[in-house]
Amino acid sequence: MRHLARLADYCSVTNMHAKNLAIVWAPNLLRSKQIESSCFNGTTAFMEVRIQSIVVEFILNHVDILFSSKFSSIIRDGAGA
């Protein structure tokens, strides 16, 4: 995720903003067997992928906070409480 966030930092050169990267990478990072199965029609599958891309975009925009050691320790300490 940090690598993709760094790519987004160079969006002025590559035109790959966090949103564009999320659209491309979300289906691979948040793979869903339900989407791949035949139970979803085109519209439903599109909405699922859209939600996935929003989640990945959020992660890319907040990668420094989400993957910081301080945040990890807060999560770990909170899980033990």
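This passage walks through a predicted model of a single chain, from its overall make-up to a few individual residues.

The overall plan is a good place to start. The chain holds seven helices and zero strands, so that, read from the N terminus on, its elements run α-α-α-α-α-α-α. Of its 81 residues, 20% are buried. The accessible surface comes to about 6,100 Å², and carbon and sulfur atoms account for 60% of that area. Contacts also link parts of the chain that are well separated in sequence: among those between residues at least 6 apart, 55% join residues at least 24 apart.

With that outline in place, the interior can be considered. In soluble globular proteins, nonpolar side chains tend to be buried together. In this model, the largest nonpolar core has ten residues, namely L4, A5, A8, A18, L21, A22, A26, V56, L60 and V63. Three elements each give two or more residues to this core: α1 (2-9), α3 (18-29) and α5 (42-61). The largest share, four residues, comes from α3. One member of the core, L60, shows how these parts meet. Leaving aside residues up to four places away in sequence, L60 touches M1, L4, A5, A18, L21 and A22.

The three contributing helices can now be taken in turn, beginning with α1. Its buried residues are L4, A5 and A8. Seen down the axis of α1, these residues fall within an arc of 100°, so they line one face of the helix. Their cover includes α2 (11-14), α3, α5 and α6 (63-66).

Within α1, A8 offers a closer view. A8 has a relative accessible area of 15%, and because buried means under 20%, A8 counts as buried. Beyond residues up to four places away in sequence, the contacts of A8 are with M16, H17, A18 and L21. A related distance concerns A8 and N20, which lie twelve residues apart along the chain and whose C-alpha atoms are separated by 8.8 Å.

On the way from α2 to α3 comes a loop that contains N15. Most residues other than glycine have a negative phi. N15 has a phi near 60°, a positive value in a residue other than glycine.

Helix α3 comes next. Although α3 has twelve residues, its end C-alpha atoms are only 14 Å apart, short of the 16 Å that a straight helix would reach at 1.5 Å a residue. The buried residues of α3 are A18, L21, A22 and A26. Viewed down the axis of α3, they fall within an arc of 125°, so they line one face of the helix. Among the elements that cover these buried residues are α1 and α5.

Helix α5 can be checked for length in a similar way. At 1.5 Å a residue, its 20 residues should span 28 Å, and this agrees with its end C-alpha atoms, which are 28 Å apart. The buried residues in α5 include A45, Q52, S53, V56, I59 and L60. These cover an arc of only 120° around the axis, which puts them on the same side of α5.

Two residues of α5 are worth a separate look. S53 lies in this helix and, with a relative accessibility of 10%, counts as buried. A polar atom of the S53 side chain lies 2.8 Å from the backbone oxygen of R50. S53 also touches A22, I23 and A26, again not counting residues up to four places away in sequence. Of these, A22 and A26 are among the buried residues of α3, and both belong to the largest nonpolar core.

The other residue, F58, has its place in α5 as well. F58 is partly exposed, with a relative accessible area of 46%. F58 and A18 are 40 residues apart in sequence, and their C-alpha atoms are 8.5 Å apart in space.

Taken together, these details lead back to the core. Helices α1, α3 and α5 each give two or more residues to it. The cover over the buried residues of α1 includes α3 and α5, while the cover over those of α3 includes α1 and α5.

Notes:
Residues are numbered from 1 along each chain as its sequence is written. This is a predicted model: local features need pLDDT of at least 70, side-chain atom pairs count only at pLDDT 80 or more; totals for chains, interfaces and linings use all residues. Side-chain values use heavy atoms; hydrogens and water are left out. A nonpolar core is a set of buried Ala, Val, Leu, Ile, Met, Phe, Trp, Tyr and Cys residues joined through side-chain atoms within 4.5 Å. Buried means under 20% relative accessible area, exposed over 50%, partly exposed in between (1.4 Å probe, protein chains only). Contact means heavy atoms within 4.5 Å. A polar contact is a pair of N or O atoms within 3.5 Å; within protein, one must be able to donate a hydrogen and the other to accept it, and residues adjacent in sequence count only if both atoms are side-chain atoms. The arc is that of the directions from the helix axis to the C-beta atoms. The expected span of a helix is 1.5 Å times one less than its number of residues. Accessible areas come from the Shrake-Rupley method with a 1.4 Å probe; for residues, only the protein chains shown count as cover.
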